[in-house]
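Reader: Please take me through one part of this model in detail. I would like a close look at a single helix and the aromatic rings around it.

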Amino acid sequence: MKKNLLQILSTIVFIAFLTPANAQHSIWNEAKEHRFDQSLIEGPNMPMVYKIFELDFNAFKTALTTAPSESTASTDQSNCVVSFPSADGSVKNYRVLEAPVMHADLAAKYPGINSYIGRGLEDPTSTVRFDIAPDGTNAIIMSGKNSSIYIDHISGNYYRVTSRD
């Protein structure tokens, strides 16, 4: 009886731990139809292999409101989990901290621009660095196991996700 109760409790804790991370997946969706000027992603200097994702930017920003500062916590201590797409189309989760890079005076002048750092949950060797600006986000994901991933804002809620070997 005690063993069954322990197994049930362990299962509930495990599901509760994963639920917030899985809920984030819906903010990034691979775009099947592109509603932007194709010249923004095509050309001689543009990557030939990429995926286009659509981001629910408001939900993304809302999720980041719980990110602690890197001066007060480590990524292991952060309960703020957000997701980012990979070049293969999958979505990975990261524990995130706010990591300011602007001087305090400049940050006060531009309060809508923030920067963050995150550590991968599925791949602990993976680190994401990204910014939030009034019109979108840009990110780079570096990993000890995989190629670097670049997430570039294209237009509106559309983002190009590329991998560079």
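Author: Here is helix 2, followed by its aromatic partners.

This is a predicted model: local features need pLDDT of at least 70, side-chain atom pairs count only at pLDDT 80 or more, and totals for chains, interfaces and linings use all residues. Residues are numbered from 1 along each chain as its sequence is written, and side-chain values use heavy atoms, without hydrogens and water.

The protein chain has three helices and nine strands. These are DSSP runs, numbered from the N terminus: helices are H or I with at least four residues, strands E with at least two.

Helix 2 spans residues 57-64. Its residues F57, F60, A63 and L64 are buried, meaning under 20% relative accessible area (1.4 Å probe, protein chains only; exposed is over 50%, partly exposed in between). They sit on the same side of helix 2 because they cover an arc of only 125 degrees around the axis, taken from the directions from the helix axis to the C-beta atoms. N58 and T62, on the other side, are exposed.

Now the rings. Phe, Tyr and Trp rings (six-membered for Trp) pair if their centres lie within 6.5 Å; planes under 30 degrees apart are stacked, over 60 edge-to-face, the rest tilted. That rule gives eight aromatic pairs. F60 and F130 make a tilted one, 5.8 Å centre to centre with 50 degrees between the planes. It links helix 2 to strand 6 (residues 127-133), 70 residues apart in the chain for F60 and F130. Both F60 and F130 are buried.

F130 also stacks with Y116, at 5.1 Å and 15 degrees. Y116 lies in strand 5 (residues 114-120). Y116 is buried too. One aromatic cluster holds W28, F60, F84, Y94, Y116, F130 and Y159.
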